[in-house]
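Me: Please take a close look at the charged and nonpolar side chains on the surface of this model. I would like one connected account.

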Amino acid sequence: FIMAKQVEQLEKEKKELQERLKNQEKKIDYFERAKRLEEIPLIKTAYEEQRVHDMELWEQQEEERITTLQLEREKALEHKNRLSRMLEDRDLFEARLKASRRTVYEDKLKQFQERLAEERRNRLEERKKQRKEERRITYYKEKEEEEQRLREEQMLK
């Protein structure tokens, strides 16, 4: 009987513990929901404030970027105007440089053409000699073959 009472008491305590935990869970859940419901408008307002702040910052940076670009453009125009006075000198320098390089090129081309013509003459002369020698060798070879043929014919007679 005492054992049964003890088991019954333990089960009762277990149910109470589960009930307390369930109630505590509900309280925490309700608390979290309430907290979220309170936070949502705050988050929205904070987001709007951040968006407005970001937009102002972007506009400020964009204005700074535009002004720096305008300053750079003005400086570039000043440099262009300043350097445009040197344009004639630059063209004259380029013309002189091209003329001097042109004469050097033409001299080297002339030398190359002369060497090329000389080399062609040498090779042509060499080929003439070679062909002359080949014809001479061919002539003597044919002459010898003719003599050999005549000797063979005489031997046959």
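Reply: Glu-56, Glu-59, Glu-63 and Glu-64 form a patch of negative charge on the surface. A patch here consists of residues with over 30% relative accessible area and no salt bridge, like charges being joined within 9 Å and nonpolar side chains (Val, Leu, Ile, Met, Phe, Trp, Tyr) within 5 Å. Lys and Arg count as positive and Asp and Glu as negative, while His and the chain ends are not counted. Each charge is placed at NZ of Lys, CZ of Arg, CG of Asp or CD of Glu. The model is a predicted one, in which local features need pLDDT of at least 70 and side-chain atom pairs pLDDT 80 or more, whereas totals for chains, interfaces and linings use all residues. Residues are numbered from 1 along each chain as its sequence is written, and side-chain values use heavy atoms, with hydrogens and water left out.

Within the negative patch, Glu-64 belongs to helix α1, which covers residues 2–84. Helices (H or I, at least four residues) and strands (E, at least two) are DSSP runs numbered from the N terminus. Glu-64 has a relative accessible area of 45% and is therefore partly exposed, since buried means under 20%, exposed over 50%, and partly exposed in between (1.4 Å probe, protein chains only).

The positive counterpart is made up of Arg-127, Lys-128, Arg-131, Lys-132 and Arg-135. Of these, Lys-132 sits in helix α2, residues 87–156. With a relative accessible area of 57%, Lys-132 is exposed.

Helix α2 also holds Phe-112, which joins Tyr-105 and Leu-109 in a nonpolar surface patch with about 290 Å² of accessible area together. Accessible areas come from the Shrake-Rupley method with a 1.4 Å probe, and for residues only the protein chains shown count as cover. Phe-112 is partly exposed, at 42% relative accessible area.

Salt bridges come next. In the whole structure, 13 of them are found, each being a side-chain nitrogen of Lys or Arg within 4 Å of a carboxyl oxygen of Asp or Glu. In helix α1, Arg-51 and Glu-48 are 3 residues apart, about one turn of the helix. Their closest N and O atoms are 3.1 Å apart, and the two form a salt bridge. Arg-51 is partly exposed at 41% relative accessibility, and Glu-48 is partly exposed at 37%.

In helix α2, Arg-90 and Glu-94 make a salt bridge of 3.8 Å, N to O. About one helical turn separates Arg-90 from Glu-94, because they are 4 residues apart in that helix. Arg-90 counts as partly exposed at 44% relative accessibility, as does Glu-94 with a relative accessible area of 34%. Asp-91 is also involved: Arg-90, Asp-91 and Glu-94 are linked in a network of salt bridges.

Further along, Arg-102 is bridged to Glu-106, with closest N and O atoms 3.7 Å apart. Both lie in helix α2, 4 residues apart, about one turn of the helix. Arg-102 is partly exposed with a relative accessible area of 47%, and Glu-106 is partly exposed with 42%.

Another charged residue, Lys-22, is in helix α1. Lys-22 is exposed, at 51% relative accessible area. From Lys-22 to Ile-40 there are 18 residues in sequence and 27 Å in space, C-alpha to C-alpha.

As for the record, an unreviewed UniProt entry lists residues 3–34 and 59–149 under "coiled-coil region". UniProt positions are given in the numbering used here, feature names are shortened, and annotations may be inferred rather than shown by experiment. In the model, residues 3–34 are 100% helix and 0% strand, with their end C-alpha atoms 46 Å apart. For residues 59–149 the values are 98% helix and 0% strand, and 113 Å lies between the end C-alpha atoms.
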